[in-house]
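Open the model in your viewer and keep the selection box handy. We'll hop from one spot to the next, and at each stop there's something to click on.

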Amino acid sequence: MVNKNRILKNFTSMVALDSPSYDERLVCNYIKDYLQTLGIEAQEDGAGAKIGGTTGNLHAYFEGDINAEPLLFSSHMDTVEPSHGKQAIIHDDGTITSNGDTVLGSDDLAGVVSILEALTVIKENNLPHRPLELVFTVAEETHGGGATALDYGSIRSKQAYVFDLDGEIGSAASSAPTILTYTAKFVGRSAHAGFASHLGIHAVKAAALAVTKIPCGAVEDGITANVGVIEGGKATNIVPDLCTIKGEIRSFDDAMSDVKFAEVKKICEDAAAEFGATVEFETSKSIHAFSVADDNPVITRFKACCSELGLKGECAPTFGGSDNNVLAQHGIDGIVVSTGMNNCHSVEEFTTVDQLTTAAELALKLMINDE
């Protein structure tokens with residue numbers, strides 16, 4: 001019952017709207033106006049003011065005809081850079097790409113369109129549905145900034161489908177890791193590199209030594225680590241007195257992220273001491289691990305709906321974070337559902353007409369499910 005032409009119209013229209021993190025106003029207005037045409041009143045919260053953005057999260061709740069627990073459907077409105085001036089190009093084979101200079105924005109406009117189309121079909125066909133709750137978030141790409149600022153006292157649902165995953169339609173993420181980010185600032189002493197280098201303490205060399213010893217990649221089962229940034233020095237003739245490294249640790253066990261960071265901290269301290277430097281640390285966990293059991297209704301329902309549509313209905317872990325990590329911290333059991341986005345966070349990002357259509361069919365099936 002989904003309308004392919006309407007899906008493409010909504011998708012291409014929203015892709016053309018600039019919606020970087022912290023400035024999702026145009027897409028927010030589009031969604032809010034569209035929902036209003038369906039008779040759904042969405043309220044914008046104060047998340048924008050809390051996180052330094054222009055726009056709040058959109059929230060709506062409406063009762064259903066089916067006597068069942070409400071379900072929350074969510075996707076995010078922001079896109080990563082480069083995003084300004086996006087344009088969706090539909091190719092003859094049904095592939096949809098950008099013009100190659102920007103991301104496409106199917107992460108996560110594919111999720112937004114899927115939810116909007118499912119709601120449209122319900123309204124225009126007067127289909128019985130369960131109580132439904134909608135949350136369209138801002139600043140998801142900043143590790144769930146908008147979801148963190150959401151007023152959970154207004155959320156009624158205890159189960160959620162977050163439409164925000166790459167890969168084949170019919171797949172979902174049932175667990176995701178804690179993401180611990182850290183900054184280590186190595187402090188040395190500056191000196192003239194030509195005639196007084198012996199008076200200096202070389203912060204860059206201390207940091208570089210630490211980087212060579214910090215494990216990166218898949219360091220253990222269920223744990224990855226990376227050092228992604230190193231910055232330091234002012235000029236070639238100055239012994240650098242400051243160097244900063246930034247990294248992350250991802251772990252499906254929240255406590256193990258702390259254990260692994262303690263190892264990184266010890267490596268940095270030892271490297272600093274070897275050169276007579278000191279090191280200062282900052283850490284943050286904006287994303288915490290979640291895991292949903294296979295027999296949880298949010299998963300069994302997903303698999304049943306996928307089966308009806310001839311989809312695989314597979315749930316697996318993902319090393320990516322999403323708003324679902326934040327929802328889980330507030331007692332909401334959810335999974336992250338694939339919407340057919342591919343090559344996300346790059347100018348090679350693409351989706352297809354068929355993927356957008358199938359994702360909308362899955363959203364509809366979940367909304368009208370009575371179990």
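Which helix does I299 lie in? Select helix α8, residues 297-308, and you'll find I299 there. Before going further, note that this is a predicted model, where local features need pLDDT of at least 70 and side-chain atom pairs count only at pLDDT 80 or more, while totals for chains, interfaces and linings use all residues. Residues are numbered from 1 along each chain as its sequence is written, and side-chain values use heavy atoms, with hydrogens and water left out. Helices (H or I, at least four residues) and strands (E, at least two) are DSSP runs, numbered from the N terminus.

**Stop 1: I299**

I299 counts as buried, at 0% relative accessibility. (Buried means under 20% relative accessible area, exposed over 50%, partly exposed in between, using a 1.4 Å probe and protein chains only.) Show what I299 touches: leaving aside neighbours within four places in sequence, its contacts are S174, V292, A293, D294, C315 and I335. (Contact means heavy atoms within 4.5 Å.) Now draw a distance from I299 to N343: their C-alpha atoms are separated by 26 Å, and the two are 44 residues apart along the chain.

**Stop 2: strand β18**

Select residues 333-341, which make up β18; eight of its nine residues are buried. Add β7 (residues 159-166), which runs parallel to β18 and is joined to it by seven bridges. Click Y161 and you'll see I335 of β18 opposite. Next add β8 (residues 171-176), antiparallel to β18 and joined to it by two bridges. Here A173 has V336 of β18 as its bridge partner. (Two strands pair if DSSP finds at least two bridges between them.)

**Stop 3: a five-stranded sheet**

Colour the strands in the order β11-β12-β14-β9-β15: this is an open sheet with antiparallel pairing. β11 (217-220) and β15 (278-287) are the edge strands, each with a single partner, so one side of each has no neighbour in the sheet. Neighbouring strands in this sheet are turned by 25° against each other on average, direction ignored. (Axes are lines fitted to C-alpha atoms, for helices over the stretch in contact, and angles run from 0 to 180 degrees between N-to-C directions.) Zoom in on β11 and β12 (residues 223-232), which pair in the antiparallel sense over three bridges; A218 stands opposite T224 in β12.

Turn on helix α7 (residues 254-274), which lies across β9, β11, β12, β14 and β15 and runs at about 160° to β15.

**Stop 4: where α1 meets α10**

Select helix α1 (residues 4-15) and helix α10 (residues 353-368), which pack at an angle of about 105° with axes 10 Å apart. The two are therefore roughly perpendicular (65 to 115 degrees; under 35 is roughly parallel, over 145 roughly antiparallel and the rest oblique). Show K4, I7, L8 and F11 from α1 against V353, D354, L356, T357 and A360 from α10.

Stay with α10: 12 of its 16 residues are buried, so the helix is largely enclosed by the rest of the structure. Among the buried ones are Q355, T358, L362 and M367.

**Last stop: S83**

Finish in the loop between β3 (71-76) and β4 (89-90), where you'll find S83. Is S83 buried or exposed? S83 is buried, with a relative accessible area of 0%. Not counting residues up to four places away in sequence, S83 touches D18, P20, T102 and V103.
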